[in-house]
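The exercises below are meant to be worked with the sequence and the model side by side. Try each task before reading the solution that follows.

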Amino acid sequence: GTSQYTDWGQSVVVAASGQVYVGGTTFEEESPGSGVFVPRMLTLSITPNGVTSWTRVFGLGFYSGNGTVSKIGLQPSWRVVIAGAKDVGQDWVVAGYDPDGTLAWSGVWDANSWFMSQPSDMAIDAAGNVCLCGDYGDTSVGLAAGVAKFGADGQLLWGRSLDPATEMNNVRGVGVDTAGNMYVTGL
């Protein structure tokens, strides 16, 4: 990892070339000597023979940026996409890296959750749009299921909570069809 703390991988995807991409969390000291270690979104690119090609750390929000990765995937253009949360799970974040590790874009859904939340699943459609689902804290209903859709460039297209009384109160999986429609599953 990139720090003296324990880093972890949360999600993995393998490209047709055999290149492996891992998304997870690392901890970096906020400023040298501060002793404050902040979680950051970690992305690794590993060759088929196990050599690390590149490592990228990303964060937005408090402490000069913080966050954790819950899912990783590939757009049809082979751009690597990570999805997770920032500010201790308050908002959902996506970021896209070109195959060489250059940050191409990032986006945020300001879910304004009042507790630790992260996207539980991610699906990427044929156009490269990124669809997320998961649970978050909604001050009006308590625990709420959320869904969000980002364009292929990371721009938030929409995000919304599902009504727990008439829709779902917990979502764990998302899929997309060839027309780009989202489907979620849960309770």
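**Exercise 1: the first strands**

Strand β1 (residues 8–14) is joined to β2 by 6 bridges, and the two run antiparallel. The model is a predicted one, in which local features need pLDDT of at least 70 and side-chain atom pairs count only at pLDDT 80 or more, while totals for chains, interfaces and linings use all residues. Residues are numbered from 1 along each chain as its sequence is written, and side-chain values use heavy atoms, with hydrogens and water left out.

Task: find which residue in β2 is the bridge partner of V13, then follow β2 to its pairing with β3.

Solution. Strands here are DSSP runs of E with at least two residues, numbered from the N terminus, and two strands pair if DSSP finds at least two bridges between them. In β2, V13 has Y21 as its bridge partner. The hairpin of β1 and β2 has 5 residues between the strands, and there G18 takes a positive phi near 95°. Next, β2 is joined to strand β3 (residues 37–46) by 10 bridges, again in an antiparallel arrangement, and V20 stands opposite I46 in β3. Finally, 7 of the 10 residues of β2 (residues 20–29) are buried, where buried means under 20% relative accessible area with a 1.4 Å probe and protein chains only.

**Exercise 2: an open sheet**

Task: state in what order the 4 strands of the open sheet lie, and explain why one side of β5 and of β8 is left without a neighbour in the sheet.

Solution. The order is β5-β6-β7-β8, with antiparallel pairing. Because β5 and β8 (103–109) stand at the edges, each with a single partner strand, one side of each has no neighbour in the sheet. Strand β7 (residues 91–97) is joined to β8 by 6 bridges, and in β8 the bridge partner of G96 is W105.

**Exercise 3: a surface patch**

Task: decide whether F62 is buried or exposed, and name the residues with which F62 makes a nonpolar surface patch.

Solution. F62 lies in the loop between β4 (52–58) and β5 (68–74). With a relative accessible area of 51%, F62 is exposed, the cut-off for that term being over 50%. Together V36, F62 and Y63 make a nonpolar surface patch of about 310 Å²; patch residues have over 30% relative accessible area and no salt bridge, and nonpolar side chains (Val, Leu, Ile, Met, Phe, Trp, Tyr) are joined within 5 Å, like charges within 9 Å. A salt bridge is a side-chain nitrogen of Lys or Arg within 4 Å of a carboxyl oxygen of Asp or Glu.

How values were computed:
Areas by Shrake-Rupley, 256 points an atom, 1.4 Å probe, with all protein chains shown as cover.
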